[in-house]
Amino acid sequence: MAFDGVTIAGIVKELQEKIVGGRIYKIAQPEKDELLLTIKNNGGQVRLFMSADASLPLIYLTDKNKTSPMTAPNFCMLLRKHLQNARIVSVIQPELERIVRLELEHLNELGDLCRKFLLIELMGKHSNIIFCDDKDMIIDSIKHISGMVSSVREVLPGRTYFIPKTQEKAELLPLAAQEIEQILCSQSIAVFKAVYTKFTGISPCIAHEICYRASVESDKPMNALTAEERASVSQQLFLLAQDIRNGVFTPNVVYENKQPAEYAATRLTSYGEGQMREFQNISELLEYYYAEKNVITRIRQRSVDLRRIVQTALERNVKKYDLQVKQLADTQKREKYRVYGELLNAYGYNVEQGAKSMEAWNYYEEKNITIPLDPTLTAGENAKKYFEKYQKMKRTYEALSTLTKETKDEITHLSSISTALDIALKEEDLVQIKEELIESGYIRRKGNVKREKVTSKPFHYISSDGYHIYVGKNNYQNEELTFKLAVGNDWWFHAKGYPGSHVVVKTNGDELPDRTFEEAGKLAAYYSQARGQEKVEIDYTQKKNVKKPNGSKPGFVVYYTNYSLVIGSDIAGLQQVED
């Protein structure tokens, strides 16, 4: 995931087609490091969004507006003064750098035609939006960078603008395949690293893609490649440069576990067609990708308090359980003390006063044993002491057996809540999870706060053979699916030994085809703690075999008749229904 030079080349091509010749109608600064230009061109209107945010620098066209502050910031007012109704003459990208340069014409106060430049640098923490005159003198910037902050370049009004060359990288676009190969041949580092460290605008993601297209191991040292492999890598880089020069881009997002993992302006063939979604242009891709990412980020932020509560309780119970198991193991010696007491009562009459031990025949195991004695006590008193130890350990064992099971059940319950938090995709999915934590005593309900309305619904899929499959997002939904939605002959699935969702397949009285069993098994694996594993054991049985013990935690069930299948957790291609 990188906003690299190749992606910016795709954006520049799109801007050249859609905004060159247009006029800037409105200028807004919604956030301290963002600009939103409304541009009228060819009888239509588009918005150009620019962000110099250190964590997420972006530029793309959008039809969405953003709320601006009541009082415009100084940088925004300056741009309005100079660029209101300015015409966009050209949009260029210098040498595949992560820079977009807008050339603008406008009339000054005297009515003379002037030329200015607006530059957007998309370089991580060094990102900036800089406004320059026709002599590359900086008029102002959205971020001021003094010599105290950067020894490489000051970005301040009155300074001359230049592109800092902090790394010796070659410009890819004008090079022939042989010249590319000459640059790469001098390297001893891994192939993919050589590709992105020696050429401007290439990200590690694209470097890995080049290696895949060239059928070369990306981690293999460059100087260990055969002549054919070197030529293949160089040729693939040359073909990429050719596509960029010709404006041939294939914006696409690739998915892993149904979540957007990477995007690029060129097709990422290494992920496979089934995990890819293509877009008409880069702007559409970026808006979609970061909207999806924002949903995931937002739900993570909203659930952070719940996660902390669950994680703290889970760690506390795991420590308690480990201690209880250790104490329980210590009680296993209790039977030995009972036997000592019985043997002392049986044979202790001939023990000498002050003896430190006694040899006796153990009629339980049919062998002689040595019983340690307290020399200050009589045989009868030693026997009484051992019986007291036995009784104490027996009481401890009985108490710990119950406590250990309760703690283990609590760990299982908390793990299931943690998995439900991982499954949650929307804010409404968190409502039932929070309610369960309140009911379990981990969160205190405020006296005047009403229960939140539950709008979250289970996931709904249609199998390849047309059967409806439902997946619970949390323990309450699991119970609702299993004991209210499902009927006796519907099939029930769950990942064996892992916290996870109950999966129910509605059979309508039919005998299910094997493919539906496999697809339901994949869903049970994916919506469990085993997500991502290549092989997960799934238990499945008819709903009539699934029972809920009295007094058990939400979502906890038992079954004694079941089948098993082993399957992966990849659910790509399964059809989800939005209810």
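Two strands are taken to pair if DSSP finds at least two bridges between them. With that criterion in mind, the tour below moves through a predicted model, one selection at a time.

**First stop: a three-stranded sheet**

Select strands 10, 11 and 12. They form an open sheet in the order 11-10-12, with antiparallel pairing. Strand 11, at 259-264, and strand 12, at 276-278, are the edge strands, each pairing on one side only. From one strand to the next, the twist averages 25°. Now restrict the view to strand 10, residues 252-256, and strand 11: five bridges join this antiparallel pair. To locate one of these positions, display Val 254, whose bridge partner in strand 11 is Glu 262.

**Second stop: helix 6**

Select residues 227-246. This is helix 6, with 20 residues, and from its first C-alpha to its last it reaches 28 Å, close to the 28 Å expected at 1.5 Å a residue. Show the side chains of its buried residues: Glu 229, Val 233, Ser 234, Gln 236, Leu 237, Phe 238, Leu 240, Ala 241 and Ile 244. Which helices should be added to the display to see what covers them? The cover includes helix 1 (5-18), helix 3 (177-185), helix 4 (191-198) and helix 5 (204-213). Finally, step past the end of the helix to Gly 247, which follows helix 6 and has a positive phi, near 70°.

**Third stop: helix 8**

Select residues 304-330 for helix 8, which has 27 residues. The distance from its first C-alpha to its last is 39 Å, close to the 39 Å expected at 1.5 Å a residue. The residues to colour as buried in helix 8 are Leu 306, Arg 307, Val 310, Ala 313, Leu 314, Asn 317, Gln 324 and Leu 328.

**Fourth stop: a helix crossing**

Select helix 11, residues 429-439, together with helix 12, residues 475-485. Their axes come within 8 Å and cross at roughly 100°. Angles of 65 to 115 degrees count as roughly perpendicular, and helix 11 is therefore roughly perpendicular to helix 12. At the crossing, display Gln 432, Glu 435, Glu 436 and Glu 439 of helix 11, which meet Asn 475, Tyr 476 and Gln 477 of helix 12. By character, the residues of this contact divide into one nonpolar, three polar and three charged.

**Fifth stop: strand 17**

Select residues 491-495. Five of the five residues of strand 17 are buried, so the strand is largely enclosed by the rest of the structure. Both faces are covered, with Trp 491, Phe 493 and Ala 495 on one side and Trp 492 and His 494 on the other. Next add strand 18, residues 503-505, which pairs with strand 17 in the antiparallel sense over three bridges; here Trp 491 stands opposite Val 505. Then add strand 19, residues 536-542, which is also antiparallel to strand 17 and is joined to it by five bridges. In that pairing, Trp 492 stands opposite Thr 541.

**Last stop: Ile 130**

Select Ile 130, in strand 8 (residues 128-132). Is Ile 130 buried or exposed? Its relative accessibility is 0%, so Ile 130 counts as buried. Apart from neighbours within four places in sequence, Ile 130 is in contact with Phe 117, Leu 118, Leu 119, Glu 121, Ile 138, Asp 140, Ser 141, Arg 153, Val 155 and Tyr 161. For a view across the model, draw a distance to Lys 408: the two C-alpha atoms are separated by 60 Å, and the residues lie 278 residues apart along the chain.

Methods: Residues are numbered from 1 along each chain as its sequence is written. This is a predicted model: local features need pLDDT of at least 70, side-chain atom pairs count only at pLDDT 80 or more; totals for chains, interfaces and linings use all residues. Side-chain values use heavy atoms; hydrogens and water are left out. Helices (H or I, at least four residues) and strands (E, at least two) are DSSP runs, numbered from the N terminus. Axes are lines fitted to C-alpha atoms, for helices over the stretch in contact, and angles run from 0 to 180 degrees between N-to-C directions. The expected span of a helix is 1.5 Å times one less than its number of residues. Buried means under 20% relative accessible area, exposed over 50%, partly exposed in between (1.4 Å probe, protein chains only). Contact means heavy atoms within 4.5 Å. Angles under 35 degrees count as roughly parallel, over 145 as roughly antiparallel, 65 to 115 as roughly perpendicular and the rest as oblique. Ala, Val, Leu, Ile, Met, Phe, Trp, Tyr, Cys and Pro count as nonpolar, Asp, Glu, Lys and Arg as charged, and the others, Gly among them, as polar.
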